[in-house]
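Reader: I'd like to learn how to read a structure like this one. Could you walk me through it?

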Amino acid sequence: MKETNETAAPPAAGRESLRRTVEEGYRRLAFGPVGDAVRLMLAEEGDWVDYPHLDLFNVAELRRGKGTMEMKFVSRLEALDRLAQLAREEESGGLESFCAALGQGARALYQGKEGEADAPAPE
């Protein structure tokens, strides 16, 4: 029986795909339309509603009572905050890899200069 390690990190391509999916979800929550939820709530009983094509992604709750309607949406500010957090993480990751590459280049250059000092001078 093959055991799987569920805590192992997904491959880099998988992580990037997941990151794009999460980012797109937060974008839809932050900037998504609310018109379909309003149309749904204003529809009278018996009106035809194209349910499969409604964009209700950012709707948290819909209620209709006697003469009242209540619509709750996901917090746009929270979604924007999460998008900003993802952007900061992406920037810091880019900076870290740049610094690592710079340090690796400096070490290689330094080691190359030490090797040149030990080598005999050309005649």
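Reader: Let me start with the hairpin of strand 1 and strand 2: which residue takes a positive phi there?

Author: First, some ground rules. This is a predicted model, where local features need pLDDT of at least 70 and side-chain atom pairs count only at pLDDT 80 or more, while totals for chains, interfaces and linings use all residues. Residues are numbered from 1 along each chain as its sequence is written, and side-chain values use heavy atoms, with hydrogens and water left out. Helices (H or I, at least four residues) and strands (E, at least two) are DSSP runs, numbered from the N terminus. Now your hairpin: it has 2 residues between the strands, and G67 takes the positive phi, near 75 degrees.

Reader: How many bridges join strand 1 to strand 2, and which way do the strands run?

Author: Two strands pair if DSSP finds at least two bridges between them. Here there are 6 bridges, and the strands run antiparallel. You can check the pairing on screen: E61 stands opposite K72 in strand 2, and L62 has M71 as its bridge partner.

Reader: And the overall layout, what order do the elements run in from the N terminus?

Author: The order is α-α-β-β-α, with 3 helices and 2 strands in the protein. Of the 123 residues, 15% are buried; buried means under 20% relative accessible area, exposed over 50%, and partly exposed in between (1.4 Å probe, protein chains only).

Reader: Okay, which residues of helix 2 are buried?

Author: The general idea first: an α-helix has 3.6 residues a turn, so residues three or four places apart point the same way. In helix 2 (35–42), the buried residues are D36, A37, L40 and M41. Seen down the axis, they fall within an arc of 135 degrees (taken from the directions from the helix axis to the C-beta atoms), so they line one face of helix 2. R39 and L42, on the other side, are exposed.

Reader: What do those buried residues of helix 2 pack against?

Author: Strand 1 (59–65) and strand 2 (68–73). Contact means heavy atoms within 4.5 Å.

Reader: Where is N58 placed, and is it buried or exposed?

Author: N58 is in the loop between helix 2 and strand 1. Don't let the word "loop" fool you: N58 is buried, with a relative accessible area of 3%. Its side chain reaches the backbone oxygen of G32 at 3.3 Å. That's a polar contact: a pair of N or O atoms within 3.5 Å, where within protein one must be able to donate a hydrogen and the other to accept it, and residues adjacent in sequence count only if both atoms are side-chain atoms. Leaving aside neighbours within four places in sequence, N58 is in contact with several residues, including R28, L29, F73 and V74.

Reader: L29 again! Where is L29 placed?

Author: In helix 1. L29 counts as buried at 15% relative accessibility, and among the residues it touches, not counting those up to four places away in sequence, are F57, N58 and A79.

Reader: Which residues make up the largest nonpolar core?

Author: A nonpolar core is a set of buried Ala, Val, Leu, Ile, Met, Phe, Trp, Tyr and Cys residues joined through side-chain atoms within 4.5 Å. The largest one here has 6 residues: Y26, L29, A30, A79, L83 and L86. Helix 1 (12–31) and helix 3 (76–118) each supply at least two of them. Try clicking on A30: not counting residues up to four places away in sequence, A30 touches R76, A79, L80 and L83.
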